[in-house]
Amino acid sequence: MGSAHLSPLFETIAMIVMILVIVFDLLWVVRRPHIPTMRECSIWVGIYVTAALLFGGILALVANGQLATEFYAGWITEYSLSVDNLFIFVIILSRFHVPLNRQQEVLMIGIIIALVLRGIMILIGAAVIARFSWVFFIFGVFLLWTAISLIRSHGEDEYRENQLIKQLRKVLPLQDEYEGMKLRVKVDGKTVWTPLLIVILALGSTDLLFALDSIPAIFGLTKDPFVVFSTNLFALMGLRQLYFLLGGLLDRVVYLPYGLAVILGFIGVKLIFEALHTNSLSFINNGQPFEHIPHISIVMSLGVIIGVLIITIGASLIKSRGPRKKPSLAE
């Protein structure tokens, strides 16, 4: 990934270990298709969270505290955005009536697709930022727009199929029944596609849209490509288990979209400030940097992110003490 603070050997070993973890997770799901228990999900989520915390400590030892702080800030932000993704995941799997004992495999495939797509976007983003610092203006404005959109759309939980899914429905012969994890089956001598294809593409394309928010957000906290990719990796690693662990509790985090909007808005402002610090656009301040714009440190960013999440979760738990009805995993 080309980090300026880490040796190629460390990056290679770390990437191999993280990829092996994903492969193990996938093989575990494929060999044991089942409905995970709360205890199983809690253990795995705890393992992944602990692994992320330890990884940040390792970065502090082999690099410096600054890089570790960037990792923690990025990981917490990406993990929070991933929790927001779960709202849509619950709705998609409920909308397409995916059998409970197959939801783990479906989620894992969708997450792997998302990892590949995010990896490509991270490489492209890092290359663009290295050549054009003014792109932070675009990232910052985009995050501010996303923050406003999150607040405006709060409470709209209905999943809307994108154009890709709509077009596939028109051109592909589809059946209504699932056949295990098969994508295609023979019916009366004709090859037809199962709903599993639509579900996987829906998860992958939806998560790609979420990446349009999360990638600029993480670049607002660190410019190190290795840290950017590893934060996304750790955030998505435990997403499958977190899906089953939270399940019906997701609807109780009623203020999460507002908290995420504040975080994305804060990072958007941080990006714009940084773009002004390094300004080279001739039509802004005659191409000169703005010297008196305040600098937002990564420690301050981490404090704001953690503080907003604590307030958001606390207020949500107080607000949602009563019963609420939302799509559940069993539907």
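Here is a short chat about helix 5, its crossing with helix 7, and G119 in a predicted model.

Colleague: What makes the span of helix 5 agree with the expected one?

Modeller: Helix 5 covers residues 135-152, which is 18 residues. At 1.5 Å a residue these should span 26 Å, and the end C-alpha atoms are 26 Å apart, so the two agree.

Colleague: Nice. Which residues of helix 5 are buried, and which helices do they pack against?

Modeller: The buried ones are V135, F136, F137, F139, G140, L143, T146, A147 and L150. They pack against helix 3 (65-95), helix 4 (103-131), helix 7 (195-219) and helix 10 (256-277).

Colleague: Why are helix 5 and helix 7 called oblique to each other?

Modeller: Their axes cross at roughly 125° and come within 10 Å. Perpendicular would need 65 to 115 degrees and antiparallel over 145, so the pair is oblique. The crossing is left-handed.

Colleague: Which residues make that contact?

Modeller: From helix 5 come F136, F139, F142, L143 and T146, and from helix 7 come L212, D213, P216, A217 and F219. By class, the contact has eight nonpolar, one polar and one charged residues.

Colleague: And G119, in helix 4: how do you know whether G119 is buried or exposed?

Modeller: The relative accessible area of G119 is 10%. Buried means under 20%, so G119 is buried.

Colleague: How far is G119 from F89?

Modeller: They are 30 residues apart in sequence and 21 Å apart in space, C-alpha to C-alpha.

Note on methods. Residues numbered from 1 in each chain as written. Predicted model: local features only at pLDDT ≥ 70, side-chain atom pairs only at ≥ 80, totals over all residues. Heavy atoms only, no water. Helix = DSSP H or I, 4+ residues; strand = E, 2+ residues; numbered from the N terminus. Expected span 1.5 Å × (residues − 1). Buried < 20%, exposed > 50% of the residue type's maximum accessible area, 1.4 Å probe, protein only. Contact = heavy atoms within 4.5 Å. Axes fitted to C-alpha atoms, helices over the stretch in contact; angles between N-to-C directions. Parallel < 35°, antiparallel > 145°, perpendicular 65-115°, else oblique. Left-handed = near helix turned anticlockwise from the far one by under 90°. Nonpolar A, V, L, I, M, F, W, Y, C, P; charged D, E, K, R; others polar.
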